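Please load the model and set it to a cartoon representation. The stops below proceed through helix packing, a pocket and the annotated spans.

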Amino acid sequence: MDFIKKYRNFWVYCFFGFLASLINIGIFDLSHNYFHIPLWIANTVAWFISNFFSFFVTKLYVFKSEMEGFKKLFHEGLVFLVSRIFSLIFDDIFMIVAVLIFPWNNLIIKAIDQLIVGLFNYFSSKLIFNYNNRQLIERFKNLKSKRSRNEY
């Protein structure tokens, strides 16, 4: 039981990450395999929609970060999407190489891709929403405010 409590955030993230991956794979499958949208466009659209979902469930249910106002929500959303841009670049390159260059099944590749991207996203999300690092953030803010006061 201690093991589950100790790694609660990871297990909850895995659950919601699995749901986000299903959304991603489903939207990719529909747009690329049924509507014949080019691979990288279908992949990017699927990424955007699944990450929109992922932002809110990660914020609210995984790391239990409060909704403290539009400014904070916008800032966290922006940092979240910027951190996920790296996973989008990897995602697109991996899909293009594995599906277009090698004749591998796009849904199997997409599932493998989602596992790799999911691990990266967990650690980047932990930095954004996990406020165990709040003391460090507060130190940087205090240092910045001291620096600006000393400039006058």
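**Helix packing: α3 and α4**

In this predicted model, begin with α3 and α4, whose crossing is right-handed. To display the pair, select residues 39-62 for helix α3 and residues 70-101 for helix α4. Their axes are 9 Å apart, and the helices pack at an angle of about 145 degrees. Next, colour the residues of this contact by class: 13 are nonpolar, six are polar and five are charged.

**Helix packing: α2 and α3**

Keep α3 in view and add α2, which comprises residues 8-34. Here the packing angle is about 155 degrees, and the axes are 8 Å apart. Angles over 145 degrees count as roughly antiparallel, and α2 and α3 are therefore roughly antiparallel to each other. The crossing in which α2 passes α3 is right-handed. In the contact of α2 with α3, the residues divide into 18 nonpolar, eight polar and one charged.

**The largest pocket**

Now turn to the largest pocket, with a volume of about 390 Å³. Which of its lining residues should be selected as the closest to its centre? Select Gly17, Phe18, Ser21, Gln114 and Gly118, which lie closest to the centre among the 24 residues that line the pocket. Then show α2, α3, α4 and α5 (106-129), the elements that each give two or more residues to the lining. The largest share comes from α2, with ten residues. By class, the lining of the largest pocket holds 13 nonpolar, nine polar and two charged residues.

**Annotated spans**

Finally, select the residues that an unreviewed UniProt entry lists under "transmembrane region": 12-31, 37-57, 78-102 and 108-129. Two of these spans can be examined individually.

- Residues 12-31: the span is 100% helix and 0% strand, and its end C-alpha atoms lie 29 Å apart.
- Residues 37-57: the span is 90% helix and 0% strand, with 28 Å between its end C-alpha atoms.

Methods:
Residues numbered from 1 in each chain as written. Predicted model: local features only at pLDDT ≥ 70, side-chain atom pairs only at ≥ 80, totals over all residues. Heavy atoms only, no water. Axes fitted to C-alpha atoms, helices over the stretch in contact; angles between N-to-C directions. Helix = DSSP H or I, 4+ residues; strand = E, 2+ residues; numbered from the N terminus. Left-handed = near helix turned anticlockwise from the far one by under 90°. Nonpolar A, V, L, I, M, F, W, Y, C, P; charged D, E, K, R; others polar. 1 Å grid on protein atoms, 1.4 Å probe; cavity = no way out; pocket = protein on both sides within 12 Å on 5 of 7 lines; lining within 4 Å. Points joined across faces, edges and corners; volume = space filled by probe spheres on them. UniProt positions renumbered as here; feature names shortened; annotations may be inferred. Parallel < 35°, antiparallel > 145°, perpendicular 65-115°, else oblique.
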